[in-house]
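Below are my comments on the model, as numbered points. Please read them beside the coordinates.

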Amino acid sequence: MAFIQLEQINFRWPQGPPLLRDINLALNRQDTVALVGSNGCGKTTLGKLIMGLLSPTQGRVLLDGRPVGDYPLAQRGERVGYVFQNPEKQLFAASVADEVGFALRHRGLNSDQVEAKVEEMLALFELERRRDAFPFNLSHGEKQRLALAAVLALDPEFVLLDEPSTGLDWLRKRKLAQALEKVGQRGVGYIIISHDHGFCRQLCARTLTLEGGKLYE
Amino acid sequence: MNAALCVQGVSVAWGQAEPVLSDLSFSLAPGELMGVVGPSGCGKSTLCQALAGIIPRQLPGQVNGEIRLLGRNLTELTLPQITTDLGIVFQDPQTQLFLPRVMNELAFGPENLTVPREEIRARIGDIAQQTGCQDWLEANPNQLSGGQQQIVALAAVLALQPRVLLLDEVTAQLDPHSCKRIQDIISDLRRQGVAVLMVEHNLEQLTKADRIISLRGGRMEVAVTGQGSLSPAMLARVYGDD
Amino acid sequence: MSSAFPDARTLIIAVVILTSLAIAINNPLVLAGLLAVTLLALVAAKIPLGDFVRRFKRFRWLIITLALVQSLTNPHGQIYWQWREYILLSSGGLWAALAVLLRLAVILAGVQFLNRKNYQELVTGMVQMKVPYELAYMVLLGIRFIPVFMEEFRDALTAMALRGVDLEQIPWRDKLRVYSYILMPTVAGAMVRARRIATAMEARAFRAYPQRTWLEWPRLSRWDWALITSVMAVGFGILALNWRGII
């Protein structure tokens, strides 16, 4: 059984036309997947369905064999990291280092363990020089990497990134791509939701296209 | 031919801090497309805000040097005078569209300039035709896709009939199809003599640019003249390191 | 010029009168009658009652709290529950609590009439009633973006839960501290958004002149005049009767 399984997913907004139709999808833990499609086709919506943040009109989403809704949000987030399209939505702390360690402290880890993990993530995402900076003062690319670092600090089994390359210049896209390659090398799979085919192509072994509400591989 | 936009020795600073932009000089002719590239935080958006008079009128910064819009000094122009001649479109359509129907968005600018009602209607018709949004006039902008919203945001600015258009990363959130539509509209505008300055991260959007300037460390250099693209060596120099 | 009945001004005047009546009147029987008439009028205007019910449900804890406070601070009549010298439940208190409940229900129901118009029409209506256009836009944009900020707050809560901080699981004493973390992205996001919208509006010449033209400038039809006159007459009539103690 796949790690994430979508079975006959149909979705429509209240009083809206069908957005997603008969979607079946199996994602394994180490898959690297690109989900592409035009603006407004439902990519972000599909991402939220995978995370259980939205419920399908029909069909079901399974996470490790159980309906995703059966997991409390906190457990879902620990197993599948979710990086929002706007990274500012998930920045809560007063410094970059605090941001990475934020959830770890709430998990009950002691300060040495938290510090070790924070250092590891800051090095992985090249944010050491910014460890004391206020997260909202970072550039967009740095915020993206910080959000990914904070999510990865929880050691999820899979990561979902929503439009991570939006607004990034050539160099920052390259840095993000390098960071994602490192994520893949750690055995953590990911699905990148994006309209940027060029960015995804280099990073993903599978490409799924969402068009007319249906999913094509 | 007189320049549509002329920038001479312009520096921009926020408060007492070091200038974000130093000693920029360039001019933009009617019908010309100039691209502006550079790493994040280099001041591209700040440049757009200064050229549109947003700094210092709305945002508390200092602009030194001279900016001439259609031959007139920007500091001597009133808000109506600036907005009649210069339009600016930003990256996020969600913070540019705030009215319940597309038609209301297109009418908003001309209404503010006390354009007579019949003329507003005529402009809406023309702009909708030009930008291809005639079928969405009664739609709620929130129900359009991101690409459609950005086209509406552009149309809403074009309703003011600007002679200079500043586009601040307008394609950042758009898929290739929507980017193509924006490019077609830009080509059309250039044929009408509108001067366009386009800030971009996505270099594919600048293949038709007459010139591309790069900003780095607040200073400017011309990266490409004529319709070319940035070489890998140039890219590395432009974007450098974090 | 267009004239779609009812005009935005008619609706605004009706809501103002209804709200004033709800505030001025303390008699629950009259308030109940007012609520019934309002709900009937909503049905006649084909405005779904579901929105009113949803809004009422959303504010139910606030309404119940206010009613309880009224009950505790208006102890008179027959006493149902007393502890030492404190009267906790009395017929007078219950009557006052019922009045508060019905008052808020009338106001929430009345505001639903404004759903007949989009906020551009409401702005135009307010300006036609001599409200400065800047103020009209400010008020209505503020209201228009309340759901957006609520959604950002919910997104921040979700993001926090996804990082393993589940608000339902953590102890009460830690909840406040965690909520304060949520303020950061929500407030920062709201401020950034507000600044960008203001910039975009001014870049399209907002407030360039003291006056502006309007694409649509509806006129009042005779039905509007009839409705305004009726509502005002009935409204002032009820107020007069209430003032004289007749109802």
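1. Q161(B) sits in the loop that links α6 to β7 (164–168) in chain B. The model is a predicted one, and this residue deserves a look for its backbone: phi of Q161(B) is near 55°, positive although the residue is not glycine. Is Q161(B) buried or exposed? Neither label fits, because 18 other C-beta atoms lie within 10 Å of Q161(B), which makes it partly exposed.

2. E169(B) also has a phi near 55°, again a positive value in a residue other than glycine. Its place is the loop between β7 and α7 (176–191) of chain B. E169(B) has 23 other C-beta atoms within 10 Å and is therefore buried, since the cut-off for a buried residue is 20 or more. A further positive phi, near 55°, belongs to T114(B), which follows α4(B).

3. Two cis peptide bonds should be checked by eye. In chain B, the bond from I55(B) to P56(B) is cis, with omega near 5°. P56(B) belongs to helix α2 of chain B, residues 54–57. In chain C, F5(C) and P6(C) are joined by a cis peptide bond with omega about -10°. P6(C) lies in the segment that precedes α1 (8–24) of chain C.

4. On the interior: the largest nonpolar core holds 85 residues, and L106(B), V152(B), A155(B) and V196(B) are those with the most contacts inside it. Helix α6 of chain B, residues 146–158, is the main contributor, giving 8 residues to this core. There is also a second, separate core, of 75 residues, which includes A103(A), L127(A), L148(A) and Y190(A).

5. What surrounds V152(B), once its neighbours within four places in sequence are left aside? Its contacts are L97(B), V102(B), E105(B), C133(B), W136(B), P141(B) and L144(B). Of interest here is the packing of α4(B) on α6(B), in which V152(B) takes part.

6. α4(B) and α6(B) pack at about 30°, and their axes are 7 Å apart. Their crossing is right-handed. From α4(B), the residues V102(B), E105(B), L106(B), F108(B) and G109(B) meet V152(B), A155(B), A156(B) and V157(B) of α6(B). By class, this contact comprises 7 nonpolar residues, 1 polar and 1 charged.

7. The packing of α4(B) on α5(B) has an angle of about 125°, with the axes 10 Å apart. The two helices are therefore oblique to each other, and their crossing is right-handed. On the α4(B) side are M103(B), L106(B), A107(B), P110(B) and E111(B), which meet I120(B), R123(B), I124(B), I127(B) and A128(B) of α5(B). The residues of this contact are 8 nonpolar and 2 charged, with no polar ones. L106(B) takes part here and also in the contact with α6(B).

8. How many residues of α4(B) are buried? The count is 11 of 11, so the helix is mostly covered, given that 20 or more other C-beta atoms within 10 Å count as burial. Among the buried residues are the charged E105(B) and E111(B), along with N104(B) and N112(B). The cover over this helix includes α5 and α6 of chain B, together with α6 (119–128) of chain C.

9. The contact between chains B and C involves 29 residues of chain B and 22 residues of chain C. On the chain B side, the elements giving two or more residues are α3 (79–85), α4 (102–112), α5 (117–131) and α6. The largest share, 6 residues, comes from α4(B). This side of chain B has 18 nonpolar, 8 polar and 3 charged residues.

10. Chain C also touches chain A, with 16 residues of chain C in contact with 21 residues of chain A. The elements of chain C that give two or more residues to its side are α7 (133–162) and α8 (172–203). α7(C) gives the most, with 7 residues. The classes on this side of chain C are 10 nonpolar, 3 polar and 3 charged.

Notes: Residues are numbered from 1 along each chain as its sequence is written. Chains are lettered from A and ligands numbered from 1 in the order in which they are written. This is a predicted model: local features need pLDDT of at least 70, side-chain atom pairs count only at pLDDT 80 or more; totals for chains, interfaces and linings use all residues. A nonpolar core is a set of buried Ala, Val, Leu, Ile, Met, Phe, Trp, Tyr and Cys residues joined through C-beta atoms within 7 Å. A residue is buried if 20 or more other C-beta atoms lie within 10 Å of its own, exposed if 12 or fewer, and partly exposed in between; C-beta atoms are placed from the backbone. Helices (H or I, at least four residues) and strands (E, at least two) are DSSP runs, numbered from the N terminus. Two residues are in contact if their C-beta atoms, placed from the backbone, lie within 7 Å. Ala, Val, Leu, Ile, Met, Phe, Trp, Tyr, Cys and Pro count as nonpolar, Asp, Glu, Lys and Arg as charged, and the others, Gly among them, as polar. Axes are lines fitted to C-alpha atoms, for helices over the stretch in contact, and angles run from 0 to 180 degrees between N-to-C directions. Angles under 35 degrees count as roughly parallel, over 145 as roughly antiparallel, 65 to 115 as roughly perpendicular and the rest as oblique. A crossing is left-handed if the near helix is turned anticlockwise from the far one by less than a right angle, and right-handed if clockwise.
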